[in-house]
Amino acid sequence: MNSWVKAHERIDDLQLNGLKIIQNPDGFCFGIDAVLLSDFTKVKEGATVVELGTGTGIIPILLSAKTKASKISAFEVQDAMAEMAKRSVEMNGLGDRIHIINDNLKAYQKYFEKSSVDVVVSNPPYMSGNSGIHNEDDLKRISRHEILCNLEDIIRVSASMLKPGGAFYMVHRPNRFVDIVCLMRQYKLEPKEVRFVQPKRDKKPNIMLIKGVRCGKVELKFHDPLVVYQENGDYTSEIYKIYGNVQIDVFDKRGE
């Protein structure tokens, strides 16, 4: 067995700058939502980036290849997931750029001063704590349900860490759109861009991407919807363009 992996884990080649990622099919693999969020997130050269809830570490790894961020820190509360993400970072030789923090994001003030970060990105749990079918596996349940943090925690912490003019990027479900916008306004993260993602052209959106700016001016832009599949079941040309060389068959179906 490869020295980087443990039992039941595998190493997937992302086909992007030689990058690889360790995943455990019995636990949680990254999804289409993470790939779309990493593409939607815009980072200037030399910027400091923080991710809230990194899971496998896929978003920092993708952003390390797609941007010139100086430092990418990522919170992960689950010990097993954080340890696996750390091994992926080290395996890719990215320890000087990516820092995995094994702690609850609500403890952010132990690691960051207020108004000190340029970009915050998050692919948070989608389900409220008492909704949906709870998977018996704790890794999946905590990843998908608001058990250890909720939507308000994500937005409150992001607003506190960001510099004035700093950007917040998140992927979520469209049925939480009103909650998201209200909470962003409450914490002075002005919603600036929204893009809905549809499985097919004739289907309603099941993913939304949103950008906010701390203390930004009032102006919200809606992008054209992103369609994932053609009628024949193949990915659309825009999806292939977004993926670039990222291996398409290594993620699960959480975002679909």
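This is a short talk about how some helices, aromatic rings and loops are arranged in one predicted model.

Hi everyone, and thanks for coming. Please keep in mind that we are looking at a prediction. I'd like to start in the middle of things, with helix α5.

Helix α5 covers residues 151-161. How many of its eleven residues are buried? Nine of them are, so the helix is largely enclosed by the rest of the structure. If you want to find them on your screen, the buried ones are L151, D153, I154, I155, V157, S158, A159, S160 and M161.

So what does the covering? Several strands take part, including β3 (48-52), β6 (117-122), β7 (162-172), β8 (189-198) and β9 (207-214). Helix α6, residues 177-186, is also among the elements that cover α5.

Let's zoom in on one residue in there, S158, which is part of α5. Its relative accessible area is 0%, so S158 counts as buried. Which residues does S158 touch, if we leave aside neighbours within four places in sequence? They are L52, V120, F168 and L189.

Before we leave α5, have a look at its N-terminal end. N150 caps that end, with a side-chain oxygen 3.2 Å from the backbone nitrogen of E152.

Now, I said that α6 helps to cover α5, and we can describe how the two helices meet. Their axes come within 9 Å and cross at roughly 35°, and the crossing is right-handed. On the α5 side the contact is made by L151, E152 and I155, and on the α6 side by D179, I180, L183, M184 and Q186. Sorted by class, the residues of this contact are five nonpolar, one polar and two charged.

There is another helix pair to look at, formed by α1 (residues 32-40) and α2 (residues 58-66). At what angle do α1 and α2 pack? The angle is about 35°, and the axes lie 10 Å apart. This crossing is right-handed. From α1 we have A34, V35, L37, S38 and D39, and they meet I58, I59, L62, L63 and K66 of α2. Here the classes come out as seven nonpolar, one polar and two charged residues.

Next topic: aromatic rings. The model has eight aromatic pairs. I'll show you two of them. In the pair of F40 and Y169, the ring centres are 5.7 Å apart and the planes stand at 90°, so the pair is edge-to-face. Where in the chain do F40 and Y169 sit? F40 is in helix α1 and Y169 is in strand β7, 129 residues apart, and the pair links these distant parts of the chain. Both F40 and Y169 are buried.

My other example is F75 with F112. This pair is tilted, with 6.1 Å from centre to centre and 55° between the planes. F75 belongs to strand β4 (residues 71-75), while F112 is in the loop between β5 (98-101) and β6, so the pair ties together parts that are 37 residues apart in sequence. Are these two buried or exposed? F75 is buried at 1% relative accessible area, and F112 is buried at 16%. Together with Y111, F75 and F112 form one aromatic cluster.

Let me add one more phenylalanine, F222 in strand β10 (residues 221-222). F222 has 47% relative accessibility, so we call this residue partly exposed. Leaving aside neighbours within four places in sequence, F222 is in contact with F177, V194 and F196. V194 is a nice one to trace by eye: F222 and V194 are 28 residues apart in sequence, but 5.0 Å apart in space from C-alpha to C-alpha.

Last stop: the backbone. Most residues other than glycine have a negative phi. With that in mind, find Q15, in the loop between β1 (10-13) and β2 (20-23). Q15 is not a glycine, yet its phi is positive, about 55°. Q15 is partly exposed, with a relative accessible area of 40%.

S115 is a further case, with a positive phi near 55° in a residue other than glycine. You'll find S115 in the loop between β5 and β6, and with a relative accessible area of 32% this serine is partly exposed.

That's my tour. Thanks for listening, and I'm happy to take your questions!

How values were computed
Residues are numbered from 1 along each chain as its sequence is written. This is a predicted model: local features need pLDDT of at least 70, side-chain atom pairs count only at pLDDT 80 or more; totals for chains, interfaces and linings use all residues. Side-chain values use heavy atoms; hydrogens and water are left out. Buried means under 20% relative accessible area, exposed over 50%, partly exposed in between (1.4 Å probe, protein chains only). Helices (H or I, at least four residues) and strands (E, at least two) are DSSP runs, numbered from the N terminus. Contact means heavy atoms within 4.5 Å. A polar contact is a pair of N or O atoms within 3.5 Å; within protein, one must be able to donate a hydrogen and the other to accept it, and residues adjacent in sequence count only if both atoms are side-chain atoms. Axes are lines fitted to C-alpha atoms, for helices over the stretch in contact, and angles run from 0 to 180 degrees between N-to-C directions. A crossing is left-handed if the near helix is turned anticlockwise from the far one by less than a right angle, and right-handed if clockwise. Ala, Val, Leu, Ile, Met, Phe, Trp, Tyr, Cys and Pro count as nonpolar, Asp, Glu, Lys and Arg as charged, and the others, Gly among them, as polar. Rings of Phe, Tyr and Trp (its six-membered ring) pair if their centres lie within 6.5 Å; planes under 30 degrees apart count as stacked, over 60 as edge-to-face and the rest as tilted.
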